[in-house]
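Got the viewer open and a selection box handy? Let's take a short walk through this one, stop by stop.

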Amino acid sequence: MRRGSASCRPDKEEGDQMVQTRVKVGAVLLAGLLMIGGCSSEEASGGPKGPKGPKMGGNVTRVSVETVPVAQGEFAVQGDFAGEFQSEGMAELSAEVAGRVTTLNVNIGDAVEEGQVLAEVDATPTRQRVRELGASVQMSRASLEEARVNLANLRRDLERKEPLLSRQMITEREVEELRSQVSAAEQRVAVAEATIAQNQARQASAREDLSNTKIRAPFAGLIGERYVDRGSYVSPGQTVFRVVDDGDLYISVRIPERDAARVATDTPVTIRVGALGSAPLKGKILRIAPALDPATRSLRVDVVLNEEHPGIRPGMYARVSLELGRAEDALTLMSQAILRQVDGAPYVWKVVDGAAQRQEVVLGLVGRERTQIIEGLQAGTPVVLRGHEKLKDGVEVRDISVGGGAGEEASP
């Protein structure tokens with residue numbers, strides 16, 4: 001009995017394992033059916049789908065852009081430039097000699113005449129040097145006279161003894177010694193003459209320095225600035241005064257290379273001075289430089305007021321407005337809408353029947369915000385201002401600008 005019951009126990013365990021296996025297989029099959037059913041229900045209810053394909057028919061994707069129309073009418077290009085009033089007569093006066101300022105005769109705002117003494121530098125050392133050099137000149141002249149007398153005596157002695165050589169009353173060696181002494185005396189005379197010329201030149205320079213101890217006005221005008229006080233020590237080249245002639249004022253401005261060819265002497269000019277409230281003042285071009293500055297690639301233009309203004313002073317800042325061009329019936333477009341090819345050729349994207357079309361253009365006058373179109377566009381044609389990055393020829397666009405949409409049907 002024990003042996004039989006022992007043999008039945010393994011059969012029971014095998015049965016239990018088979019039941020468990022069937023349960024697991026059933027669970028797996030049930031899960032698979034649920035997944036299949038779930039996918040079918042999502043498709044039926046419009047749930048998640050696979051990758052979307054391109055829209056067809058009426059659902060074509062359009063590129064959103066902003067457009068501006070080509071305008072037509074009078075167009076003038078103004079150039080605004082900054083400058084400051086300068087004077088035809090303005091000089092910085094410097095000390096020519098070193099020394100201490102002993103006299104100041106003027107102050108800022110004083111009117112001065114040409115040649116008037118404005119200040120004096122202590123002239124005592126310079127005056128002493130003039131006297132010393134004068135004495136040197138006198139001594140050099142005395143030395144020269146002595147050398148000339150000595151030379152004359154030697155020449156007479158040589159003239160007297162040379163005939164004796166042929167009669168053998170004197171040796172040839174004595175004659176040669178006399179000739180050498182004459183030559184040396186001639187050299188001493190030449191040195192004395194050069195010494196006199198040198199001392200005279202030094203004396204003239206010292207006298208010039210003595211004259212320069214007085215600082216004089218180079219022209220009639222006003223004292224614009226005084227940089228030293230009485231008792232101050234000045235060195236050669238140190239600025240002492242600024243003298244200004246406020247009768248001839250002008251403004252110097254720099255015109256960029258792109259606009260240089262449009263400036264002429266008859267170009268209309270408007271000047272605004274901030275210190276006077278920026279009211280427009282009429283002006284004119286006084287002169288134009290013949291060439292551009294190679295360092296800045298700009299053209300210097302000097303402008304003057306048509307009428308003198310009593311409130312204007314040298315150094316005041318001003319804004320100069322020049323009319324650089326005018327067209328009576330011009331086609332213009334916002335400059336931002338104009339693009340450039342690699343070679344620099346300009347082009348735009350215009351909208352024709354709701355589609356983008358690349359159009360090359362020829363430009364004319366260029367302003368700060370608008371540019372004249374010579375060829376390539378017509379008045380009213382809508383041109384893409386923003387959103388051109390994704391455009392290609394024929395791509396349909398959607399105009400999202402204010403009032404946009406109507407332009408999509410415009411003709412080119």
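One term before we start: contact here means heavy atoms within 4.5 Å. Keep in mind, too, that you're looking at a predicted model.

**Whole chain.** Start zoomed out. The protein chain has four helices and 20 strands. Of its 412 residues, 31% are buried. Taking contacts between residues at least 6 apart in sequence, 74% join residues at least 24 apart.

**Helix 3.** Now select residues 172-212. This is helix 3, with 41 residues, and from first C-alpha to last it reaches 60 Å, close to the 60 Å expected at 1.5 Å a residue. Colour its buried residues next: Val 175, Leu 178, Val 182, Ala 185, Val 189, Ala 192, Ile 196, Asn 199, Gln 203, Ala 206 and Asp 209. While you look at that pattern, recall that an α-helix has 3.6 residues a turn, so residues three or four places apart point the same way.

**Helix 2.** What lies over those buried residues? Part of the cover is helix 2, so named for residues 124-166. Select helix 2: its 43 residues reach 65 Å between the first and last C-alpha, close to the 63 Å expected at 1.5 Å a residue. Just past helix 2, click on Gln 168, where phi is positive, near 60°.

**The pair.** Show both helices together. The axes of helix 2 and helix 3 come within 7 Å and cross at roughly 165°. An angle over 145 degrees counts as roughly antiparallel, so that's what helix 2 is relative to helix 3. The crossing of helix 2 past helix 3 is left-handed. In this contact, the residues split into 18 nonpolar, eleven polar and 16 charged.

**Gln 203.** Zoom in on this residue of helix 3. Is Gln 203 buried or exposed? With a relative accessible area of 12%, Gln 203 is buried, because buried means under 20%. Now switch on its contacts: setting aside neighbours within four places in sequence, Gln 203 touches Val 130, Leu 133, Gly 134 and Val 137.

**Glu 176.** For the last stop, stay in helix 3 and pick Glu 176. Its relative accessible area is 36%, so Glu 176 is partly exposed. Draw a distance from its C-alpha to that of Leu 158, and you should read 9.4 Å for two residues that are 18 apart along the chain.

Definitions and conventions
Residues are numbered from 1 along each chain as its sequence is written. This is a predicted model: local features need pLDDT of at least 70, side-chain atom pairs count only at pLDDT 80 or more; totals for chains, interfaces and linings use all residues. Side-chain values use heavy atoms; hydrogens and water are left out. Helices (H or I, at least four residues) and strands (E, at least two) are DSSP runs, numbered from the N terminus. The expected span of a helix is 1.5 Å times one less than its number of residues. Buried means under 20% relative accessible area, exposed over 50%, partly exposed in between (1.4 Å probe, protein chains only). Axes are lines fitted to C-alpha atoms, for helices over the stretch in contact, and angles run from 0 to 180 degrees between N-to-C directions. Angles under 35 degrees count as roughly parallel, over 145 as roughly antiparallel, 65 to 115 as roughly perpendicular and the rest as oblique. A crossing is left-handed if the near helix is turned anticlockwise from the far one by less than a right angle, and right-handed if clockwise. Ala, Val, Leu, Ile, Met, Phe, Trp, Tyr, Cys and Pro count as nonpolar, Asp, Glu, Lys and Arg as charged, and the others, Gly among them, as polar.
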